[in-house]
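The briefing below goes with a sequence and a structure, and it is best read with both in view.

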Amino acid sequence: MEKMTEDAQRERLEQQIRFIIEVDRVKNIFRQTYLADGQRKENDAEHSWHLALCAVLLKEHMEEDVDLLKVMTMVLIHDLVEIDAGDTYAYDAEGALTKRGREVKAADRIFSILPEDQGSYFRELWDEFEAYETADAKFAHLLDNFQPLLLNDASDGRSWSEHGVHKSQVCRRNERIPETSEIIWEKMLEIMDDHIARGHLKAD
């Protein structure tokens with residue numbers, strides 16, 4: 001980046017601060033997944049932090065090499081659109097019909113708060129995550145799907161039970177995980193089968 005004038009640098013900082021304050025609202029967006037102790041549902045900020053930590057820990061299990069910093073940034077920003085669009089539950093078929101439109105509109109607004117170069121970069125990362133084509137995006141999606149499954153496991157399948165979720169729904173949502181990490185897919189199947197046996201997840 002070329003050297004900026006002091007006024008330009010101050011304006012840049014003001015834009016960054018506006019974004020930082022705006023995205024604090026993500027702490028008030030609650031998901032359908034319960035915390036491991038089952039006491040309450042997690043919010044988007046907690047979810048995103050958890051994914052970033054999981055990225056550091058689980059990178060070694062990926063079939064393809066990934067850019068860890070890029071993936072961490074991707075998972076930290078991927079749900080910021082829910083500030084405007086709201087959380088759409090993974091198995092909400094009706095909500096899924098309007099999800100893309102709501103989230104694109106939100107991405108346009110939220111990332112435009114930043115200085116142009118940073119806003120464009122975040123928007124490109126968000127678009128890459130949504131496209132689910134690159135190794136980095138595949139890893140980010142694996143994290144986004146594996147973490148709630150782990151919390152469902154820890155909380156005795158509470159969210160699955162409340163929503164009457166079927167194994168076929170979970171498998172369909174995660175159908176691309178095997179190409180990203182076979183060992184994690186095997187673990188996911190093991191967890192699902194355990195909760196079918198315990199009556200928390202429907203078998204069909």
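What follows covers the first helix and its surroundings, one buried leucine, and two loop residues.

This is a predicted model, in which local features need pLDDT of at least 70 and side-chain atom pairs count only at pLDDT 80 or more, while totals for chains, interfaces and linings use all residues. Residues are numbered from 1 along each chain as its sequence is written, and side-chain values rest on heavy atoms, with hydrogens and water left out.

**Helix 1**

- Helix 1, where helices are DSSP runs (H or I, at least four residues) numbered from the N terminus, has 18 residues and reaches 26 Å from its first C-alpha to its last, close to the 26 Å expected at 1.5 Å a residue, the expected span being 1.5 Å times one less than the number of residues.
- Arg12, Gln15, Phe19, Glu22 and Val23 of helix 1 are buried, a term that stands for under 20% relative accessible area, with exposed meaning over 50% and partly exposed in between (1.4 Å probe, protein chains only).
- Seen down the axis of helix 1, these buried residues fall within an arc of 90°, so they line one face of the helix; the arc is taken from the directions from the helix axis to the C-beta atoms.
- On the other side of helix 1, Glu6, Asp7, Gln9, Arg10, Ile20 and Ile21 are exposed.
- The cover over the buried residues of helix 1 includes helix 4 (82–85), helix 5 (93–111) and helix 6 (116–131).

**Surface patch**

- Leu13, Ile17, Ile20 and Ile21 form a nonpolar patch on the surface, with about 380 Å² of accessible area together, as given by the Shrake-Rupley method with a 1.4 Å probe.
- Leu13, found in helix 1 (residues 6–23), is partly exposed, with a relative accessible area of 44%.

**Leu58**

- Leu58 has its place in helix 2 (residues 44–58) and is buried, with a relative accessible area of 17%.
- Leaving aside neighbours within four places in sequence, Leu58 is in contact (heavy atoms within 4.5 Å) with Phe139, Leu143, Phe146 and Ile184.
- Leu58 and Phe139 are 81 residues apart along the chain, and their C-alpha atoms are separated by 9.3 Å.

**Loop residues with positive phi**

- Tyr132, in the loop between helix 6 and helix 7 (135–154), has a phi near 55°, a positive value in a residue other than glycine, and counts as buried at 13% relative accessibility.
- Asp156, in the loop between helix 7 and helix 8 (158–163), has a phi near 60°, likewise positive in a residue other than glycine, and counts as partly exposed at 44% relative accessibility.

Conventions
Patches are made of residues with over 30% relative accessible area and no salt bridge: like charges are joined within 9 Å, nonpolar side chains (Val, Leu, Ile, Met, Phe, Trp, Tyr) within 5 Å. A salt bridge is a side-chain nitrogen of Lys or Arg within 4 Å of a carboxyl oxygen of Asp or Glu. Helices (H or I, at least four residues) and strands (E, at least two) are DSSP runs, numbered from the N terminus.
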